[in-house]
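Biologist: Please take one helix of this model and go through it closely. I would like its geometry, its packing and the aromatic rings around it.

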Amino acid sequence: MLQQVKEFEKYLISEEKSKATITKYTHDVISFIQWLDGRQINKAAVQEYKQWLENEYAAKSVNSILSSLNSFFEWSNLSECRVKSLKIQKNTFKSTKITICHIYMQELVDEKSFFLYTYYL
């Protein structure tokens with residue numbers, strides 16, 4: 001199996017992937033193979049590995065590892081073993097909280113101005 005990883009590495013080089021990408025992909029594939037501990041690569045094993053990853057890593061890290069594995073599966077004609085990435089919900093709006101101490105504000109402005117200021121925030 002490690003010979004296959006070396007061939008995959010050669011493929012990544014031929015595709016002009018960066019050194020960092022090549023290192024990451026091969027590391028992720030080797031880690032998966034070690035996790036398999038001699039078991040065959042199949043969809044069920046990959047799904048089990050994905051569950052294990054979810055318990056060990058942040059969602060972005062899991063997706064990065066899955067991307068590496070999916071590339072390896074595609075290259076090695078095991079596309080049936082590909083798995084979907086985790087859904088990551090993005091915050092489209094960033095909330096900003098403005099905390100103003102009422103007593104401090106009263107020292108700066110009169111009560112009427114303070115009311116208008118807080119109303120328009």
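Modeller: What follows is a close look at helix α2 and then at the aromatic pairs.

This is a predicted model, in which local features need pLDDT of at least 70, side-chain atom pairs count only at pLDDT 80 or more, and totals for chains, interfaces and linings use all residues. Residues are numbered from 1 along each chain as its sequence is written, and side-chain values use heavy atoms, with hydrogens and water left out.

Helix α2 covers residues 19-36. Helices here are DSSP runs of H or I with at least four residues, numbered from the N terminus. The expected span is 1.5 Å times one less than the number of residues. For the 18 residues of α2 that gives 26 Å, and the end C-alpha atoms are 26 Å apart, so the two agree. After α2 comes D37, with a positive phi near 55 degrees.

Now burial. Buried means under 20% relative accessible area, exposed over 50%, and partly exposed in between, with a 1.4 Å probe and protein chains only. In α2 the buried residues are I22, Y25, T26, D28, V29, F32, I33, W35 and L36. Their cover includes α1 (2-14), α3 (43-56) and α4 (59-75).

Take α4. It packs on α2 at about 85 degrees, with the axes 9 Å apart. Axes are lines fitted to C-alpha atoms, for helices over the stretch in contact, and angles run from 0 to 180 degrees between N-to-C directions. The two helices are therefore roughly perpendicular, a label for angles of 65 to 115 degrees. From α2, K24, Y25, D28, V29 and F32 meet α4 residues, among them I65, L69 and F72. Contact means heavy atoms within 4.5 Å.

Next, the rings. The structure holds 12 aromatic pairs. Rings of Phe, Tyr and Trp (its six-membered ring) pair if their centres lie within 6.5 Å; planes under 30 degrees apart count as stacked, over 60 as edge-to-face and the rest as tilted. One cluster takes in F8, Y11, F32, W35, Y49, W52, Y57, F72, F73 and W75. F32 and W35 are also among the buried residues of α2.

F8 and Y11 both lie in α1, 3 residues apart, about one turn of the helix. F8 is buried, at 0% relative accessibility, while Y11 is partly exposed at 32%. F72 and W75 form a tilted pair, 6.0 Å centre to centre with 35 degrees between the planes. Both sit in α4, 3 residues apart, so about one helical turn separates them. F72 is buried at 1%; W75, at 26%, is partly exposed.

Terms used. Angles under 35 degrees count as roughly parallel, over 145 as roughly antiparallel, 65 to 115 as roughly perpendicular and the rest as oblique.
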